[in-house]
Amino acid sequence: MSSVWTQARRAARMNPSIIREILKVTEKPGILSMAGGLPSADTFPVAELKAACDRVLTENPKEALQYAASEGFAPLREWVAQRVQSLGMQVTPDQVLITSGSQQGLDLVGKILCDAGAPVAVETPTYLGALQAFTPFEPIFTSLDSDEQGVDPAAIAKLPHDAPGTRFAYLLPNYQNPTGRVMSLERRQAAVAAAKAAGVPIIEDNPYGDLWFDEPPMPSLASMWPEGVIYLGSFSKVLTPGFRLGFMIAPPELYPKLLQAKQAADLHTPGFNQRVVYEVVRNGFLDEHVPKIRARYKANRDAMAEGLKQHLPPGCEWQMPKGGMFFWIRLPEGLNAMDLLPKAVDAGIAFVPGAAFYAHTPDPRAMRLSFVTLTPPQIEEGVAILGRVLRAALDDIGAESAP
């Protein structure tokens with residue numbers, strides 16, 4: 001049937017999130033999901049949020065329910081500017097833009113900095129949501145060589161030769177999604193030095209930085225190159241994702257254009273939500289609340305690490321994450337995570353195949369496991385099921401190759 005609608009060229013480049021599609025599958029009763037990177041609902045400070053809602057609606061109801069400034073609620077912007085000082089950043093509230101989750105920050109970056117055919121550099125692998133945000137603006141992705149410490153500075157240094165005119169390098173230095181890796185101080189310094197020398201600015205995405213288990217993360221990349229880094233943060237992992245609040249900190253020369261892009265998108269982030277969050281955080285609540293989240297997630301991480309050690313077959317590879325929400329697993333030769341997913345779901349568990357996190361040349365043997373939404377006993381059960389699925393698949397390969 002013919003259509004009267006002619007879609008923009010960029011629409012053809014948009015694809016559904018594989019993670020969201022997988023989450024639909026995990027809604028089946030009885031599925032133990034290690035797929036979605038959802039914060040544990042048990043960490044949501046319901047009582048504090050309820051009390052803050054009451055205060056806001058009692059003391060400033062008209063202002064809270066009215067249109068608000070596009071930049072965001074001024075006291076919350078001031079709080080953010082002060083909060084990031086712990087990461088070595090010295091910024092003013094005028095550099096802070098409150099966004100509808102940090103995902104909107106990625107969209108705004110794409111609108112302002114991406115052109116069709118212009119190179120954009122990303123880690124290998126990288127956050128799927130960033131690829132989705134940038135792709136409609138038709139950049140050419142350049143995959144940067146990466147290892148267990150994150151991006152290889154030498155790969156950044158080669159950008160002027162390999163991808164001249166690269167608009168930015170998108171990096172996640174703290175407990176990266178999907179790998180869970182963290183960049184050392186030396187690696188951060190080398191990466192920033194390489195980016196400066198190459199003339200390639202950086203988008204620093206840090207939604208997981210507060211979720212450290214053993215020691216706090218190193219200084220931010222933005223603290224090392226304030227004029228060359230846009231910094232993205234989020235309230236979703238430390239309060240609640242349902243309020244959809246994030247923030248970006250931009251160099252003064254870029255801030256006005258990012259603000260204009262935001263005004264075109266939504267005019268302003270929900271003012272009521274911002275006031276409620278400010279009421280919750282303004283007196284140091286996060287300093288008491290976040291350590292409880294860390295303790296819970298660390299116990300879950302330890303449970304998954306023990307389960308992986310006990311139940312996964314030989315040939316599986318992983319590293320112990322020092323924070324965040326994920327394990328990144330590489331399966332033995334011959335296994336394909338995407339092909340195994342239906343078998344895993346039939347057995348009662350779900351994971352995210354790793355191929356979706358690559359801009360180029362996906363690794364079919366990679367998978368991501370989230371450890372934050374299940375209890376330790378559920379994690380042990382789920383990993384045991386995963387181990388049985390993997391062993392059965394390896395047995396099938398052995399049977400096929402037998403003479």
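**Legends: surface, fold and cores of a predicted chain**

**View 1. Here's the outside of the protein chain.** About 17,900 Å² is exposed, with carbon and sulfur atoms supplying 54% of that area (Shrake-Rupley, 1.4 Å probe). This is a predicted model, where local features need pLDDT of at least 70 and side-chain atom pairs count only at pLDDT 80 or more, while totals for chains, interfaces and linings use all residues. Residues are numbered from 1 along each chain as its sequence is written, and side-chain values use heavy atoms, leaving out hydrogens and water.

**View 2. Now the overall fold.** The protein chain packs in 15 helices and 14 strands (DSSP runs of at least four residues for helices, H or I, and at least two for strands, E, numbered from the N terminus). The C-alpha trace spans about 75 × 60 × 55 Å along its principal axes. Of the 403 residues, 54% are buried, meaning under 20% relative accessible area with a 1.4 Å probe, protein chains only.

**View 3. Zooming in on the largest nonpolar core.** This core has 52 residues, and Leu144, Phe235, Leu239, Phe247 and Ile249 touch the most other members. (A nonpolar core is a set of buried Ala, Val, Leu, Ile, Met, Phe, Trp, Tyr and Cys residues joined through side-chain atoms within 4.5 Å.) Helix H9, residues 185-198, chips in 5 residues, the most of any contributor.

**View 4. Around Leu239.** Leaving aside residues up to four places away in sequence, Leu239 touches Phe44, Pro45, Val277, Val280, Val281, Phe285 and Leu286 (contact: heavy atoms within 4.5 Å).

**View 5. And the other core.** A second, separate core holds 50 residues, among them Ile31, Leu128, Ile293 and Val383.
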